[in-house]
Amino acid sequence: MAALADIRAGIATNLATISGLRVSDEILDNPQPPVAMIALNNIEYHQDMRLGTKYNFTIQVIVGRAAERHAQRALDLYVNPVGNSSVKVAVESNRTLDGVVDDLVVESMPDVGSIQLNDTTYLAADFLVAVYV
Amino acid sequence: MAKFVATGTQVTLNGTDISGSVARAELVINAAEVDVTDFGSSGWTEVIGGLKSGSVSLDFHHDYGASAVSATFQDLVGTIGTVTMIAANGTAASATTPQYTAEVLINSFTPISGAVGDLATFSVTFPTTGEVSYATA
């Protein structure tokens with residue numbers, strides 16, 4: 001049975017293939033953009049008659065101050081379904097996390113917009129990732 | 001024993017435990033209705049039990065790993081297989097977790113299924129052949 005820490009670490013390893021993007025497998029108090037943070041949303045137990053489990057994660061990518069045009073251009077690259085900076089491509093680049101899980105998929109990017117951190121408005125996007133164990 | 005939530009129905013196929021790929025398990029045992037209505041039935045139909053039959057329905061998560069469930073089914077279509085199920089989340093036959101054993105005709109398999117983005121699954125319903133037995137020890 002995969003440990004949650006191993007799943008987080010595996011997703012972080014996949015994200016780290018994006019050049020220039022800082023990655024944390026936990027929520028940071030003071031993130032320094034551009035940064036991707038991995039947060040567990042919920043767990044769906046009893047997916048089969050043994051230990052089958054579905055983990056749902058949110059990856060929040062904070063690209064920079066909302067007013068900066070380069071932040072918006074960077075976000076365009078992160079949310080793209082293809083390309084070297086695509087979060088989807090990076091996370092799905094090793095879908096079993098080297099055998100830690102059965103499969104994973106980036107399901108959607110449901111939220112994009114500004115967030116407040118330490119009195120600064122940042123541009124950020126959330127990605128939902130389903131992990132099957 | 002008390003009411004229970006099904007979380008661990010043990011299912012085997014030809015002696016292999018496939019529970020880890022099973023999301024739903026169902027065994028149905030039926031008896032045919034034989035009509036014995038006559039002029040003495042006072043205006044009501046009367047029936048008695050006829051031949052018994054059964055079916056096994058299972059929902060699976062696809063897995064083509066070596067000896068995994070999808071690979072296992074590929075070569076079994078058209079054959080008679082032995083399915084056992086232990087009720088009530090049991091791991092061994094007992095009075096409160098009876099084990100049912102059925103010979104089934106493996107008459108279908110869906111090797112490709114699933115919508116884009118969804119977990120790949122498949123479902124089967126097999127008719128039983130012969131007696132469905134159960135054991136409590």
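**A first look at chains A and B**

Student: Let's jump right in: which residue in β5(A) is the bridge partner of A:Arg65?

Tutor: This is a predicted model, where local features need pLDDT of at least 70, side-chain atom pairs count only at pLDDT 80 or more, and totals for chains, interfaces and linings use all residues. Residues are numbered from 1 along each chain as its sequence is written, while chains are lettered from A and ligands numbered from 1 in the order in which they are written. Helices (H or I, at least four residues) and strands (E, at least two) are DSSP runs, numbered from the N terminus. In β5(A), A:Arg65 has as its bridge partner A:Tyr122.

Student: And over how many bridges do β3 and β5 of chain A pair?

Tutor: Two strands pair if DSSP finds at least two bridges between them. Another residue pair puts A:Tyr55 opposite A:Val131 in β5(A). Strand β3 (residues 54-65) and strand β5 (residues 120-132) of chain A run antiparallel, and their bridges number 11.

Student: What about β4(A) and β5(A): which residue in the turn of their hairpin has a positive phi?

Tutor: Strand β4 (residues 103-117) of chain A pairs with β5(A) in the antiparallel sense over 12 bridges. Along β5(A), A:Gly113 has A:Ala124 as its bridge partner. Two residues sit between the strands of this hairpin, and the one in the turn with a phi of about 50° is A:Asn118.

Student: In what order do the five strands of the open sheet in chain A stand?

Tutor: Along the chain, from the N terminus on, the elements run α-β-β-β-α-α-β-β. In the sheet, the edge strands are β1 (22-24) and β4 of chain A, each pairing on one side only. The pairing is mixed, and the order is β1-β2-β3-β5-β4.

Student: At about what angle to β2(A) does helix α1 of chain A run?

Tutor: Axes here are lines fitted to C-alpha atoms, for helices over the stretch in contact, and angles run from 0 to 180 degrees between N-to-C directions. Contact between two residues needs C-beta atoms, placed from the backbone, within 7 Å. Helix α1 (residues 4-15) of chain A lies across β1, β2 (35-44), β3 and β5 of chain A, and its angle to β2(A) is about 145°.

Student: Which residue does a cis peptide bond join to A:Pro33?

Tutor: The omega of this bond is about -5°. The residue you're after sits in the loop between β1 and β2 of chain A. The partner of A:Pro33 is A:Pro34.

Student: Is B:Ser67 buried or exposed?

Tutor: B:Ser67 lies in the loop between β4 (47-61) and α1 (69-74) of chain B, and its phi is positive, about 65°, although it is not a glycine. A residue is buried with 20 or more other C-beta atoms within 10 Å of its own, exposed with 12 or fewer, and partly exposed in between; C-beta atoms are placed from the backbone. B:Ser67 has 8 other C-beta atoms within 10 Å, so it is exposed.

Student: Which strand of chain B gives the most to the side that touches chain A?

Tutor: The contact takes 14 residues from chain B and nine residues from chain A. On the chain B side, β1 (10-13) and β3 (22-35) each supply at least two residues. With three residues, the strand giving the most is β3(B).
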